[in-house]
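Reader: Could you take me through one part of this model at close range? I would like to hear about the salt bridges, and about whatever you think belongs beside them.

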Amino acid sequence: MSRPSPLSARPLEVPAAAARPAPVRGAPAPGAPVPRHYDRCFACGDGPDGLHLRFTAGEDLSVTAELQVREAHQGAPGLIHGGVLAAAFDETFGALNAFVGEASVTGQLNTSYRKPVPVGSTVHLWARLEGREGRKLWMRASGRLDAPDGPLAAEASALFLIVPPSHFVDHGSALPDQIAVNP
């Protein structure tokens, strides 16, 4: 029996009991923008060194976005920092909350890097909600270089956990009126 390479993340398995949910009433239709959750967020907010991600709803419980890789996002000279790309995947998964109408947080994030991503390139992000069981959401994503069908640069899978809006007040510095649950 072959063993997985220790250099690649093992994708999370979606349990058989997890069903594909129907989008909640008011979820964005395919082609519509997905509202951002917080304007000061590193990934979807407007901070000077942030990722400035904007999401568009796709077919079949999916979202897309483009990440413009800037010098501020470097790890090794001229290449994106792997943690920045993981943060982009994390935020892309978070945008899928628009289809469930409840807030969720990252429980587990697995990322496999396939190709170097140079500064100046565009990573086309795609993510889809694969299943839900109770509070658990399973998701998968890909990032492609310079075109939606370009070379695969990285892929990810995640387990997110539904939390009440009070989670962000109780454990962060959010005020109740700052909590946005899409839609």
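Author: Happily! A salt bridge here is a side-chain nitrogen of Lys or Arg within 4 Å of a carboxyl oxygen of Asp or Glu. Please keep in mind that this is a predicted model. As a general point, side chains of opposite charge can pair when their charged atoms come close.

With that in hand, let us start with the network: R20, D60, R128, E130 and R140 are linked by salt bridges. Inside this network, E130 pairs with R140, and their closest N and O atoms are 2.7 Å apart. That pair links distant parts of the chain, since E130 sits in strand β5 and R140 in strand β6, ten residues apart. How buried or exposed are the two partners? E130 has a relative accessible area of 17%, and because buried means under 20%, E130 counts as buried. R140, at 37%, is partly exposed.

The whole structure holds eight salt bridges, so let us visit two others. R114 forms one with E155, the closest N and O atoms being 2.7 Å apart. R114 lies in the loop between β4 (104-113) and β5, while E155 belongs to strand β7 (residues 152-162), so this pair ties together parts that are 41 residues apart in sequence. R114 is partly exposed, with a relative accessible area of 41%, and E155 is partly exposed at 31%. R54 forms a salt bridge with D46, and here the closest N and O atoms are 2.5 Å apart. R54 is partly exposed at 40% relative accessibility, and D46 is partly exposed at 46%.

Beside the salt bridges, it is worth looking at the loop between β5 (122-133) and β6 (136-145), where R135 is found. Leaving out residues up to four places away in sequence, R135 touches F160, L161, I162 and V163. The C-alpha atoms of R135 and I162 are 4.8 Å apart, although the two are 27 residues apart along the chain.

Finally, a word on helix α1 (residues 82-95). At 1.5 Å a residue, its 14 residues should span 20 Å, and the end C-alpha atoms are indeed 20 Å apart, which agrees. Its buried residues are V84, L85, A86, A88, F89, E91, T92, F93 and A95. T92 has a relative accessible area of 0%. Beyond its neighbours within four places in sequence, T92 is in contact with L53, F55, V63, L125, W126 and A127.

Definitions and conventions
Residues numbered from 1 in each chain as written. Predicted model: local features only at pLDDT ≥ 70, side-chain atom pairs only at ≥ 80, totals over all residues. Heavy atoms only, no water. Helix = DSSP H or I, 4+ residues; strand = E, 2+ residues; numbered from the N terminus. Expected span 1.5 Å × (residues − 1). Buried < 20%, exposed > 50% of the residue type's maximum accessible area, 1.4 Å probe, protein only. Contact = heavy atoms within 4.5 Å.
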